[in-house]
Amino acid sequence: ATPTKLKVSVPREVKNASGYVMGKVEVEGLAADSTCYYGDEVTIVAFPESGVVFGGWSGAITSKEKLATFTVTEAMKIAPVFSGVPTGIEDLKATTTIRGEQGSIFFSCNGVAKAIIISMDGRTKVVEVSGETRIPMSTGVYGVVLEQSSQVIKQKVIVR
């Protein structure tokens, strides 16, 4: 008989609603496409970020241990349960750059943020920015509001 191929779904990285990484999961015993065969042994290890608490596994296994090994007998979905706030999150103002450049507004921030760009004649453009992002804009003066979870930065920017 041909061995039965099964899919075991385990997220390798878990983010919270604000886009911050809560923790990572290392998986042993699965192929790159998350498949293995009936009877295979799979090991999963949860690595919560600093400030985050690991509360166990949800789904097909309910272990409370960070390291869990199990035998696959069916297709499964397993996810780590993380809670808390990653302490690696620095203050938004300390980690963000907003500046006018030639023909664009440059943003640099950790995670994902919402940028509201308001021209002097009141026209509004709302964009999502993450990491380093350049938004093409015509020459002028703009008010920029950057929102990330409960933090807000307001700044005037000149595009040349």
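Here is a walk through the sheet, the salt bridges, the cysteines and a surface patch of this structure. Keep in mind that the model is predicted.

Let's start with the sheet. Four strands make up an open sheet, ordered E2-E3-E5-E7, and the pairing is antiparallel. The edges belong to strand E2 (13–15) and strand E7 (67–71), each of which pairs on one side only. If you ignore direction, neighbouring strands in this sheet are turned against each other by 20° on average. As general background, strands of a sheet pair through backbone hydrogen bonds, in either a parallel or an antiparallel way.

Now step into the middle of that order. Strand E3 (residues 21–28) and strand E5 (residues 41–48) run antiparallel and are joined by six bridges. To find your place in the register, pick Glu28: its bridge partner in E5 is Thr43. Moving on from E5 to E7, you get antiparallel pairing again, over five bridges. A handy marker here is Glu41, which stands opposite Thr71 in E7.

On to the charged side chains. In general, side chains of opposite charge can pair when their charged atoms come close. How many salt bridges does the structure hold? The count is six. One of them joins Lys15 to Glu13, with the closest N and O atoms 4.0 Å apart. Glu13 counts as partly exposed because its relative accessible area is 38%, between the 20% and 50% limits. There's also a network of salt bridges to look at, linking Glu13, Lys15 and Lys24.

Next, have a look at Arg134 and Glu101, which form a salt bridge with their closest N and O atoms 2.8 Å apart. Arg134 sits in strand E11 (residues 124–136) and Glu101 in strand E9 (residues 97–101), so this pair ties together parts that are 33 residues apart in sequence. Are the two partners buried or exposed, or something in between? Arg134 has 48% relative accessibility, so this residue counts as partly exposed. Glu101, at 17% relative accessibility, counts as buried, because the cut-off for buried is under 20%.

Another salt bridge brings together the side chains of Lys114 and Glu147, at 3.7 Å from N to O. This pair, too, links distant parts of the chain: Lys114 is in strand E10 (residues 104–119) and Glu147 is in strand E12, 33 residues apart. Lys114 counts as partly exposed at 39% relative accessibility, and Glu147 also counts as partly exposed, at 29%.

Strand E12 is worth another visit. The strand covers residues 140–148, and Val141 lies in it. Val141 counts as partly exposed, with 30% relative accessibility. Which residues join Val141 in a nonpolar patch on the surface? They are Met120 and Ile158, and the three together have about 270 Å² of accessible area.

Finally, the cysteines. A disulfide, in general terms, is a covalent bond between the sulfur atoms of two cysteines. You'll find zero disulfides in this structure. Cys36 has a relative accessible area of 3%, so this residue is buried. Cys109 is buried as well, with a relative accessible area of 6%.

Note on methods
Residues numbered from 1 in each chain as written. Predicted model: local features only at pLDDT ≥ 70, side-chain atom pairs only at ≥ 80, totals over all residues. Heavy atoms only, no water. Disulfide = S-S within 2.5 Å. Buried < 20%, exposed > 50% of the residue type's maximum accessible area, 1.4 Å probe, protein only. Patch = residues over 30% accessible without salt bridge, like charges linked within 9 Å, V, L, I, M, F, W, Y side chains within 5 Å. Areas by Shrake-Rupley, 256 points an atom, 1.4 Å probe, with all protein chains shown as cover. Helix = DSSP H or I, 4+ residues; strand = E, 2+ residues; numbered from the N terminus. Pairing = 2+ DSSP bridges. Axes fitted to C-alpha atoms, helices over the stretch in contact; angles between N-to-C directions.
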